[in-house]
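Subject: Structure handover and notes

Hello,

Here is the structure you are taking over. Please look through it first; my notes on what was found follow below.

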Amino acid sequence: SGRVIDAETGKPIEQFVVRLGFAKENQPEDVRGTYDSNLTNPGTTVRDKAGVFRISGVPNRMPFEVTIEAAGYERAVLPRVVANADRERIGAEFPLKKRDLSKLARLGGTIVDHRGTPVADVQLRLITSTEPSKGEDDTRFNWQLIEGGHLSSKSYVEQFLSAVSDAEGRFEFKELIPDRFPQLAYWGDTIPKGRSLALSRTKPGAEQSIAIKAPEPARIAGSFDPKLFPNPNFIELRHRNDASHNYRQTPEKGKSDFRFQNLAPGEYDLSIFGPPIPNKTFPGSTSTMTLGSRKLQIEPGKTYEVQFTKDDVVKPR
């Protein structure tokens, strides 16, 4: 539980969103447990004249990281709030500062294909954080979180904004919080998915522009010998230098061919996985075994024909 107030006036803020996360600092006496993932994303929207919230159904004495967001205010993050069973008690106080609109930044730009032709309807996600990304393999900003929209619930992400390019390939993001580290992720039907880390730290009231030229997409046309790779569950193509940048395909019954298109250049692992089997280490769960694997160096615009043979078979450990 807690109370959310205006940091300047001390008056309650009547509507806000509460998001829970696992506390990063734990004490020996802390209770450990699980909770409903909806309490993290999308979180709990609260409307209360006194600015009070109470989140029930979490383990008593378990520590949480609590994030509060309200329209027109900077968000607040308390790294450690311990749940308690006292229903009458109001716990931590969350003073929120109003955003100074005159200090908000802006980012605009264009995106074109490998020929320099503007690309419309490209999905773009601008991520701003309090700490810079460690590079394309930084798992905190992996593609599963980006494409699923789950980055918006992470405490280290200040803003997670969406845009779509227009007919001229233009896009714009407004009202960016200053003194933050931005990165831009994008994908479309005719360009490979990618990201740009070549952005400057946002400055109060400043505008920033970026021009993105997407590489020519590559393709893979593959097949496998059903006798060497029986009952495949799925085929996965994983980028080796970009966190969770991967593609999966389930072969059609009775067929042994597969296709991957619209690929960005880079080093990849192409693997065939078998059907799920019981996991002896963790009863009740399953795992999949790699039946075959091959390393590929993908270059822009090329088509690769891959046929899995006995040389690609992965021997069980």
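In these notes pLDDT stands for the predictor's confidence in each residue, on a scale from 0 to 100. The model is predicted. Its protein chain has a mean pLDDT of 92, and 100% of the residues reach 70 or more. Of the elements in the chain, strand β8 (residues 105–112) has the highest mean pLDDT, at 97, and strand β21 (residues 286–287) has the lowest, at 81.

Overall layout

The chain contains one helix and 23 strands. Its C-alpha atoms fill a box of roughly 70 × 55 × 30 Å along the principal axes. Of the 317 residues, 43% are buried. Taking contacts between residues at least 6 apart in sequence, 68% join residues at least 24 apart.

Two pairs of C-alpha atoms give an idea of distances within the model. Ala 85 and Ile 220 are 135 residues apart along the chain, and their C-alpha atoms are separated by 57 Å. For Asn 26 and Pro 230, 204 residues apart, the separation is 47 Å.

Nonpolar cores

In soluble globular proteins, nonpolar side chains tend to be buried together. In this model the largest nonpolar core has 21 residues, and Phe 16 and Ile 68 have the most contacts inside it. Four elements give two or more residues to this core: β2 (15–22), β5 (63–69), β6 (76–82) and β7 (92–96). A second, separate core has 19 residues, including Phe 224, Leu 263, Tyr 268 and Leu 296.

What does Phe 16 touch, leaving out residues up to four places away in sequence? The list is Val 4, Thr 44, Thr 45, Val 46, Gly 51, Val 52, Phe 53, Ile 68, Glu 69 and Ala 70.

Pockets

The largest pocket holds about 490 Å³ of space. Its lining has 22 residues, and those nearest the centre are Ser 1, Ile 55, Val 58, Ala 83 and Asn 84. Strands β5 and β6 are the elements that give two or more residues to this lining. By class, the lining of the largest pocket consists of twelve nonpolar, six polar and four charged residues.

The second largest pocket holds about 380 Å³. It is lined by 20 residues, with Glu 69, Tyr 73, Arg 99, Glu 158 and Gln 159 nearest its centre. The elements giving two or more residues to this lining are β2, β10 (157–164) and β11 (170–176). Strand β10 gives the most, with five residues. By class, the lining of the second largest pocket has nine nonpolar, three polar and eight charged residues.

Some of these elements recur. Strands β5 and β6 each give two or more residues to the largest core, and β5 and β6 also do so for the lining of the largest pocket. Strand β2 likewise gives two or more residues to the largest core and to the lining of the second largest pocket. Glu 69 is touched by Phe 16 and is listed among the residues nearest the centre of the second largest pocket.

Backbone points to check

A cis peptide bond joins Asn 41 and Pro 42, with omega at about 15 degrees. Pro 42 lies in the loop between β2 and β3.

Two residues that are not glycines have a positive phi. One is Arg 61, at about 70 degrees, in the loop between β4 (52–53) and β5. Arg 61 counts as partly exposed because its relative accessible area is 46%, between the limits of 20% and 50%. The other is Glu 175, with phi at about 55 degrees, which is found in strand β11. Glu 175 counts as exposed because its relative accessibility is 52%, and exposed means over 50%.

Loop residues

Is Asn 26 buried, partly exposed or exposed? Asn 26 is partly exposed, because its relative accessible area is 37%. Its place is in the loop between β2 and β3 (44–47). Leaving aside neighbours within four places in sequence, Asn 26 is in contact with Arg 32, Pro 63 and Arg 80.

Ala 85 lies in the loop between β6 and β7. Ala 85 is exposed, because its relative accessible area is 60%.

Regards

Key:
Residues are numbered from 1 along each chain as its sequence is written. This is a predicted model: local features need pLDDT of at least 70, side-chain atom pairs count only at pLDDT 80 or more; totals for chains, interfaces and linings use all residues. Side-chain values use heavy atoms; hydrogens and water are left out. A nonpolar core is a set of buried Ala, Val, Leu, Ile, Met, Phe, Trp, Tyr and Cys residues joined through side-chain atoms within 4.5 Å. Buried means under 20% relative accessible area, exposed over 50%, partly exposed in between (1.4 Å probe, protein chains only). Contact means heavy atoms within 4.5 Å. On a 1 Å grid over the protein atoms alone, a cavity is a set of points where a 1.4 Å probe fits but cannot get out, and a pocket is an open set with protein on both sides within 12 Å along at least five of seven lines; lining residues have an atom within 4 Å of a point. Grid points are joined across faces, edges and corners, and a volume is the space filled by probe spheres set on the points. Ala, Val, Leu, Ile, Met, Phe, Trp, Tyr, Cys and Pro count as nonpolar, Asp, Glu, Lys and Arg as charged, and the others, Gly among them, as polar.
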